[in-house]
Amino acid sequence: MDRNYWERIAPNYNSEIFDVFKNDKSGIIRSAIAEYSSPSKTVMDIGCAVGKWIPFLSAHFKQVVATDISAKNIEQARKNCKDLSTIEYRRIDMSGTKTDIRPCDFAICINAVLTPSLPKRIVFFKSLSKCVRKGGTFILVVPSLESAMYTRILQNRWDIDKSLHKAKYSPKQTVNSLRLLEQGNIEIDGFATKHYLEEELQLLLTREKFKVLRIQKVEYRWTTEFVRPPKWLKEPYPWDWMCVAVKQ
Ligand SMILES: C[S@@+](CC[C@H](N)C(=O)[O-])C[C@H]1O[C@@H](n2cnc3c(N)ncnc32)[C@H](O)[C@@H]1O
């Protein structure tokens, strides 16, 4: 999941990548952003991709700094948001060592810290800290490891979507999956993707000088996980974690 991966995905972004903005059932992320927004503040959208969040941010803040590692995504975001005048676009690699980051009053980073590489994530989290000025608020959304495990347990117990799942893995594949899982990495569409535990997030953010105000579930429908979810399957719904934190 390096820059090449995101550049390759860019032309088919809408069909390949899960849309958090559209699928956030209760609008919990929008409410949290609105809660800390102000027409006098600047906001950074870290990993903005094709700009799904930009119109909403632009309506709530003085200026939006939309950043992404992928030049193609930024180009598409620019086209999608051509009618908005207060957006600055910047290509930034959050896992890069020479990033020129100017802190904003507020920042969001929604499902962008997904790399399975620990060294890249370490730098990414350090960069996140640089994106928010002291006293500013930060909203981080990431895939939940608890939710991914819960989904797999249900799938095994009730053979959900059985025909779509491989019956057997080779010993090599099993060892590989276990090694990935030990780091919280789970394969999605063949790509190892980092998933996070609630306690892990609390620690990661605290270590980067954020005070975590709350960590909440962003809930989705079961159809986002299963093609044919059983009719009886209700709460708890699958979720991502949303952390609201203040830079110290
Ligand atoms: C799953 S998309 C999420 C997009 C958007 N935040 C949303 O919710 O619609 C992840 C985005 O993070 C970007 N990204 C991944 N690694 C990055 C990095 N090291 N620095 C900056 N952006 C990165 C990718 O290019 C991609 O556009």
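This short talk goes through the ligand, one pocket, a salt bridge and some unusual backbone spots in the structure above.

Good morning, everyone; please keep in mind throughout that what we are looking at is a predicted model.

Let me begin with the ligand, which is surrounded by 20 residues, and the closest of these are Gly-47, Asp-68, Asn-73, Met-94 and Ile-110. If we sort that shell by class, we find twelve nonpolar, five polar and three charged residues. Which atoms of Met-94 and Ile-110 approach a nitrogen atom of the ligand? For Met-94 it is a backbone N or O atom, at 2.9 Å, and for Ile-110 it is again a backbone N or O atom, at 2.8 Å. Asp-93, by contrast, uses a polar side-chain atom, which lies 2.9 Å from a nitrogen atom of the ligand. On its own the ligand has 600 Å² of accessible area, and the protein covers 96% of that.

Now let us turn to the second largest pocket, which holds about 220 Å³ of space. Two elements give two or more residues each to its lining, namely helix 7, which spans 118-131, and helix 10, which spans 198-207. Helix 7 provides the largest share, five residues. Among the lining residues of this pocket are Leu-118, Arg-121, Phe-125, Tyr-196, Leu-203 and Glu-208, and by class the lining has six nonpolar residues, six charged residues and no polar ones.

My next topic is charge. Side chains of opposite charge can pair when their charged atoms come close. The count of salt bridges in this model comes to nine, and one of them joins the side chains of Asp-19 and Lys-52, with 3.4 Å from N to O. That pair links distant parts of the chain, 33 residues apart, since Asp-19 sits in the loop between helix 2 and helix 3, while Lys-52 sits in the loop between strand 1 and helix 5.

Finally, a word on the backbone. Most residues other than glycine have a negative phi, and most peptide bonds are trans. Where, then, is Asn-111 found? Asn-111, which has a positive phi of about 45 degrees although it is not a glycine, is found in the loop between strand 4 and helix 7. Lys-209 also has a positive phi, of about 70 degrees, and Lys-209 lies in the loop between helix 10 and strand 8. As for peptide bonds, a cis one joins Glu-235 and Pro-236, with omega about -10 degrees, and Pro-236 has its place in the loop between strand 8 and strand 9.

Terms used
Residues numbered from 1 in each chain as written. Predicted model: local features only at pLDDT ≥ 70, side-chain atom pairs only at ≥ 80, totals over all residues. Heavy atoms only, no water. 1 Å grid on protein atoms, 1.4 Å probe; cavity = no way out; pocket = protein on both sides within 12 Å on 5 of 7 lines; lining within 4 Å. Points joined across faces, edges and corners; volume = space filled by probe spheres on them. Helix = DSSP H or I, 4+ residues; strand = E, 2+ residues; numbered from the N terminus. Nonpolar A, V, L, I, M, F, W, Y, C, P; charged D, E, K, R; others polar. Near = heavy atom within 4 Å. Polar contact = N/O pair within 3.5 Å; in protein donor to acceptor, adjacent residues only side chain to side chain. Areas by Shrake-Rupley, 256 points an atom, 1.4 Å probe, with all protein chains shown as cover. Salt bridge = Lys/Arg side-chain N within 4 Å of Asp/Glu carboxyl O.
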